[in-house]
Amino acid sequence: MPQPIASDVEKVENRLKSFLDCRLENAGRTKIMADTYIQKIHLKNFRGFKNKKIDGLSKGLNILIGDNDSGKSTVLLAIDLVLSGNTNRVEAIGLDRLLNQNVVDEFLNGSIKKYEDLPELELDIYLKEFGRHEFVGEHNLEQLNACGIYLRCQPRTDLRDEIEALLKKPNIAFPFEYYSVTIKTFSGSTVSPYKRPVQHLSIDNTRISNEYASKAYVKSIYQANSSRDEQNELKFEYRTAKSNFSKERFVDINRRMDSDYRFALKNNTSSNLETDLTISQNGIEIENAGVGTQCFIRTRFALSKKSNIDVVLLEEPENHLSHSRMRKLIEEIKGASQSQLFIATHSSLVCSRLGLGAAILLGAQDEDPIKLSSLSQDTADFFMKAPNSAVLEFVLSKTNILVEGDAEFILMPTFFEKVKGCKLDEVKVNVISIGGLSFPRYLEIAKLLNIKTAVITDNDGDKKTCCEDRYSQFGPVDNIEVFFDGDDARSTFEICVYQDNTAQCDKLFAEGRRSLTVQDYMLKNKSQAAFVLASKASDEIVAPSYIAEAIKWVTS
């Protein structure tokens with residue numbers, strides 16, 4: 001019986017480990033494309049976008065924010081498809097899922113259907129020029145002499161006769177099957193997965209447990225840190241080692257088989273080094289780690305200074321992570337200066353801690369993206385350091401009421417329903433409690449993004465200094481208004497509520513009072529008093545006049 005020896009497969013695995021360690025150690029010195037990054041993106045007839053251009057992109061961090069269906073994931077997918085250089089990716093997803101549905105419907109609903117009028121899907125990625133003439137040309141939507149790569153999905157010219165015959169038939173379906181996909185440079189040179197000008201990696205934390213996503217991630221990391229010749233050499237040696245292992249190690253078992261069938265290891269193109277490859281941490285393979293740990297490891301590894309990745313696409317990095325782990329990941333992202341980063345997020349923590357100046361707001365499909373880079377540095381720094389931030393909640397709401405504390409927040413739905421006869425959600429008005437000192441920071445954003453915002457604040461016994469003078473820089477503008485009680489004696493929210501609802505407050509809070517008056521009790525127990533009023537006196541309580549005015553203004 002043969003003695004156990006180190007198999008050829010183990011030898012190849014050890015060599016692969018040494019090879020990857022060496023590649024990662026020297027990646028910082030071997031990056032050819034270190035000065036190349038995406039400057040502009042232009043999308044036409046792609047998913048929800050008929051025509052969307054995002055320019056002035058940062059070489060470092062770009063945070064995509066927006067409501068659901070605003071196109072954050074669409075932008076990341078567009079970058080991924082173009083930079084992959086792989087037309088099969090488009091075909092695997094399906095043109096019917098990528099071509100804008102509105103332009104498809106417009107074509108099908110037209111009275112005359114011509115080959116020339118068939119809509120085309122067009123994606124342009126503009127790169128900072130890096131000295132390779134084959135990427136420079138005018139083959140782009142704007143017909144500019146620029147550096148970049150484009151993707152086109154167009155009706156096939158060689159099948160024009162067949163397509164025109166189809167279009168003459170009644171009640172036809174859209175001819176997706178008759179389209180071709182091309183990925184080329186702006187000069188017209190072909191781009192392939194093996195000659196990608198920019199090494200990129202897409203990490204979708206919404207699909208982190210998907211086995212295909214895991215394999216695709218490991219494969220991308222491996223290819224980014226190895227040359228094509230090295231990949232071919234290792235693949236050949238791995239396949240040879242598996243073949244030798246089959247011949248040597250299954251001899252006795254196969255001899256005992258009373259048939260023509262034999263055991264062997266899979267050794268074809270669909271079962272090779274890249275399909276068997278994984279990444280481990282402390283001996284634990286990434287696929288066997290928890291979902292949150294997988295999210296953290298993948299993102300951290302991709303952003304490592306030793307990783308040879310030019311562009312990293314992060315889809316909702318906050319998914320599956322605890323608050324503390326998310327803070328650690330944010331620190332990793334901050335230190336990833338060697339890669340251009342595109343992050344799509346719904347997290348105020350991610351957006352504010354990484355810096356609002358890097359945020360790009362994707363609004364309605366027919367609106368230009370808005371970059372928050374014009375915010376003052378003080379405001380950007382404030383949100384990076386603020387203990388709690390509702391900045392994305394504020395940005396993504398068309399109409400906001402800002403209040404100072406929990407008491408106002410608790411009673412606002414009651415006041416709103418009394419004044420308007422409907423609920424806040426029914427008219428899409430958002431109430432945010434942020435603390436009075438933060439009002440100017442949010443109002444700077446409201447002024448920039450034209451968000452309708454009502455501020456409800458205390459006059460603190462000096463309405464001129466604390467209200468009129470303090471907010472004078474934000475007026476007069478149509479979308480911002482500050483509301484406060486005009487009587488300095490009514491200095492706080494609780495005093496106004498008590499004086500306008502004395503009978504109800506005395507009924508609820510007078511019993512058992514020994515040293516404190518009801519008003520003083522409400523001032524010392526603000527949240528509890530507001531909760532009791534909202535729970536037990538919602539039918540009788542009335543809103544102070546300045547709050548009623550704010551509600552009417554914000555809904556006008």
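**Exercise 1.** How many nonpolar, polar and charged residues does the lining of the largest cavity have?

*Solution.* The model is predicted: local features need pLDDT of at least 70, side-chain atom pairs count only at pLDDT 80 or more, and totals for chains, interfaces and linings use all residues. Residues are numbered from 1 along each chain as its sequence is written, and side-chain values use heavy atoms, without hydrogens and water.

Step 1. A cavity is a set of points, on a 1 Å grid over the protein atoms alone, where a 1.4 Å probe fits but cannot get out; lining residues have an atom within 4 Å of a point.

Step 2. The lining consists of A407, L411, F493, E494, V497, M522, K526, A529, A530 and L533.

Step 3. Ala, Val, Leu, Ile, Met, Phe, Trp, Tyr, Cys and Pro count as nonpolar, Asp, Glu, Lys and Arg as charged, and the others, Gly among them, as polar. The result is eight nonpolar, no polar and two charged residues.

**Exercise 2.** Which helix gives the most to this lining?

*Solution.* Helices are DSSP runs (H or I, at least four residues), as are strands (E, at least two), numbered from the N terminus. Helix 16 (406-420), helix 19 (493-500) and helix 22 (526-536) each give two or more residues. Helix 22 gives the most, with four.

**Exercise 3.** Which are the edge strands of the open sheet of six strands?

*Solution.* Step 1. Two strands pair if DSSP finds at least two bridges between them.

Step 2. The strand order is 8-11-12-3-13-14, with mixed pairing.

Step 3. Strand 8 (200-204) and strand 14 (370-371) each pair on one side only, as edge strands.

Methods. 1 Å grid on protein atoms, 1.4 Å probe; cavity = no way out; pocket = protein on both sides within 12 Å on 5 of 7 lines; lining within 4 Å.
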